[in-house]
Protein chains: 2
Amino acid sequence: MKKDNKNFSDQILPLRDEIDAIDSKILSLLARRQAQVEKVLALKKAHNIPVYHPAREEDLISRLRLQSKTAGLDPDFMEDLYRVILRQSRVKQTQKMEHKSVKPDSRVLVIGGAGQMGSLFASLFAKSGYEVNILTEHNWDQARKLCQNIDLALVSVPIERTAQVIEKIAPFLPPTALLADLTSVKTGPVAQMLLSHPGPVLGIHPLFGPTLSCLDKQIVVVCPGRDETACQWLTDQLGLWGAVVVESTPQEHDQIMEIVQALRHFATFCFGDFLCQRQAKLARTLEFSSPIYRLELGMVGRLFAQDSALYAEIIFATQERRDLLKEFILSLILHLKMLETNDKQLFIDQFTHVARWFGPFSDQAMRESTFLIDKLIERF
Amino acid sequence: MKKDNKNFSDQILPLRDEIDAIDSKILSLLARRQAQVEKVLALKKAHNIPVYHPAREEDLISRLRLQSKTAGLDPDFMEDLYRVILRQSRVKQTQKMEHKSVKPDSRVLVIGGAGQMGSLFASLFAKSGYEVNILTEHNWDQARKLCQNIDLALVSVPIERTAQVIEKIAPFLPPTALLADLTSVKTGPVAQMLLSHPGPVLGIHPLFGPTLSCLDKQIVVVCPGRDETACQWLTDQLGLWGAVVVESTPQEHDQIMEIVQALRHFATFCFGDFLCQRQAKLARTLEFSSPIYRLELGMVGRLFAQDSALYAEIIFATQERRDLLKEFILSLILHLKMLETNDKQLFIDQFTHVARWFGPFSDQAMRESTFLIDKLIERF
């Protein structure tokens, strides 16, 4: 046995050395690739061309898939690998693009700029060369002065104070200044902005948390209020930072957010709360968990790692939301009987009905989540 | 403007050609790397050495992270990339290892081997050189003959028929044969196997669906029933196929599965059912979705892409499960008042209580899910 192990080591070491040498070469090539990508970026910047070029990426992936087959490599593996590489160069490019400005030297006032989301936007504007000032409760006495000659007033305060802050700040604004807000509900704030300010109005809802370092592919909903032409530069600036801008009406936005934010977070809260009541053994449970459950439980844990006040604000934002959540609970009560009578057939019928309604989205979801589960297995 | 575009093309094309040339070189190196890895595999196989060598992988990652810094590359990016590469070689190696057998030429009878999970295991055993037979309702008249001289009888039938099938098959088994089952509940089946068969008994629950092509890092729970020594080869075989084997008692297993399977799937069903009742606009909702919601909605869609009867079986499996799900619904009813009275503070208090209970798991979940969200952004 000992001799066999010695023999094995003698044979495997040169193979491992060869693999290490190959890895070093790959690393050097990646560094050279990065240098070339930076040259492309410099060119794009000079010519004001957007960073993300989906067609070029897809071409590159298709060609590599073909080449992989010839070289005896798995094309899916090659695609996975290049998605990582392309994302890295996109992030690098976007980070540099952040310094680009659509309306250089314009003056931006962030109201609530000491909060997390306000700070994020203040820093984005500052990096892009805007002149940024911040107004908080503590320097409110300077509000009138800070509003002089500004091009944009961006309101980033908690939902329940948004209307009131808009009312207070509007009289100080130059009539041509753009008034925008970052609140996660839009009907009330946009109506209040239109009422209080005669100039351009834009409602904005960034669909991400304030801890991001890069807006790459993050979604921002904009609800045009008044004078879209005068608001265009702000929408363009969001795009230049890497965000995907989706346009909506305040009403549609709020209806969709009732589900995307309030219902989803509330359902997750209820699930975590029940696990806690039952004192479920989390650590042992994870040992027993397939990647999909690990992921699902991770989504629950993730919620509770975040700010309770923020979620309270989202969930309790409006009467409509609270009514929707009540309806949700009532819809669960209807399932009690099925459980009491052990009526599997009723479950199957309802399941089938919902599955039909989900339609092609289910298959897409299956593909996407299977991809993620593979990533989870890879990493953890 | 046209002249400018022409100028841009002239300058960018040689850069892109250079990038394409680098990519071709990387691809050739990856193909060479794969060839070396296959030599390592052949050696390991000859010396009966396990495929997965965590220490070697971690060494390699650490070294590459160091080299990345020197070469001006982001070490996290390099690690991401090599996790993909290492996983690929592990999968390739594991696929080949599937043909290895712990107890070559042993005889396996899969009862219910025409079902999906039964077929998967029948095929795994066959690939590893076992002599595999399949017993179904249709050839039950040959049961006695097929049981002669077998080393393993593996029961893979729906939960509600497991006990009955065990009772029927046991009298035909050689007393020294190992009797095992693949049911997703364990208390009843293991007790029934111990009662009906005097020889070695092992309860098994594979925590994955039957559509897998590779068991790499998948979890399998085993519940020893009788004569662990005589069962060891089967546990070892699961490990050789790449699975992570977790040992438990039937009671602990069932308690944990009430939560991991029944509660989670039921909660997801309720959520999807409510979306359907409300006729939520899925497509538009996705346009408004940050990656995290896309992922969460994907988890719901994923459920409904699968077999309703399978989920009915899991959810309604036992009285204990149905009671747990009723308790879950009742716990939600308690939240109605908080919504009716708009009591944000109560929500914050409960949230904080649960967050404290989740403890360090929340941060881990945050890290893991953030990693996945990045992957999702990369890909879709």
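In chain B of this predicted model, strand β5 (residues 201–206) and strand β6 (residues 219–226) run antiparallel, joined by six bridges. One pair to click on in that ladder is I204(B), which stands opposite V222(B) in β6(B).

Now zoom out to the whole sheet in chain B. Seven strands make it up, in the order β2-β1-β3-β4-β5-β6-β7, and it is an open sheet with mixed pairing. At the edges stand β2 (131–135) and β7 (244–247) of chain B; each has a single partner strand, so one side of each is left without a neighbour in the sheet. Going from one strand to the next, the twist averages 25 degrees.

What lies across β1 (107–111), β3 (152–155) and β4 (178–181) of chain B? That's helix α6 (residues 159–169) of chain B, which runs at about 155 degrees to β3(B).

Over in chain A, β6 is a good strand to look at. Strand β6 (residues 219–226) of chain A is mostly covered, with six of its eight residues buried. The pairings of β6(A) look like this:

| Partner of β6(A) | Bridges | Sense | Example pair |
|---|---|---|---|
| β5(A), residues 201–206 | six | antiparallel | G203(A) opposite C223(A) |
| β7(A), residues 244–247 | four | parallel | V222(A) opposite E247(A) |

To get from β6(A) to β7(A), the chain passes through helix α8 (residues 228–240) of chain A, and this β-α-β crossover is right-handed.

How do the two chains sit relative to each other? A turn of 180 degrees with a shift of 0.0 Å along the axis lays chain B on chain A, with an RMSD of 0.2 Å. The two copies are thus related as by a two-fold rotation axis. The same surface serves both copies, too: 100% of the contact residues of chain B recur in chain A.

As for the contact itself, 124 residues come from chain B and 124 residues from chain A. On the chain B side, the largest share comes from helix α1 (residues 2–47) of chain B, which puts in 26 residues. Sorted by class, the side of chain B that touches chain A has 70 nonpolar residues, along with 27 polar and 27 charged ones. The contact is described here by residue counts; the size of an interface is also often given as the accessible area lost when the parts come together.

Key. Residues numbered from 1 in each chain as written. Chains lettered and ligands numbered in written order. Predicted model: local features only at pLDDT ≥ 70, side-chain atom pairs only at ≥ 80, totals over all residues. Least-squares fit on C-alpha atoms with pLDDT ≥ 70 in both. Contact = placed C-beta atoms within 7 Å. Buried ≥ 20, exposed ≤ 12 C-beta atoms within 10 Å, placed from the backbone. Helix = DSSP H or I, 4+ residues; strand = E, 2+ residues; numbered from the N terminus. Pairing = 2+ DSSP bridges. Right-handed = clockwise from strand over helix to strand, strands pointing away. Nonpolar A, V, L, I, M, F, W, Y, C, P; charged D, E, K, R; others polar. Axes fitted to C-alpha atoms, helices over the stretch in contact; angles between N-to-C directions.
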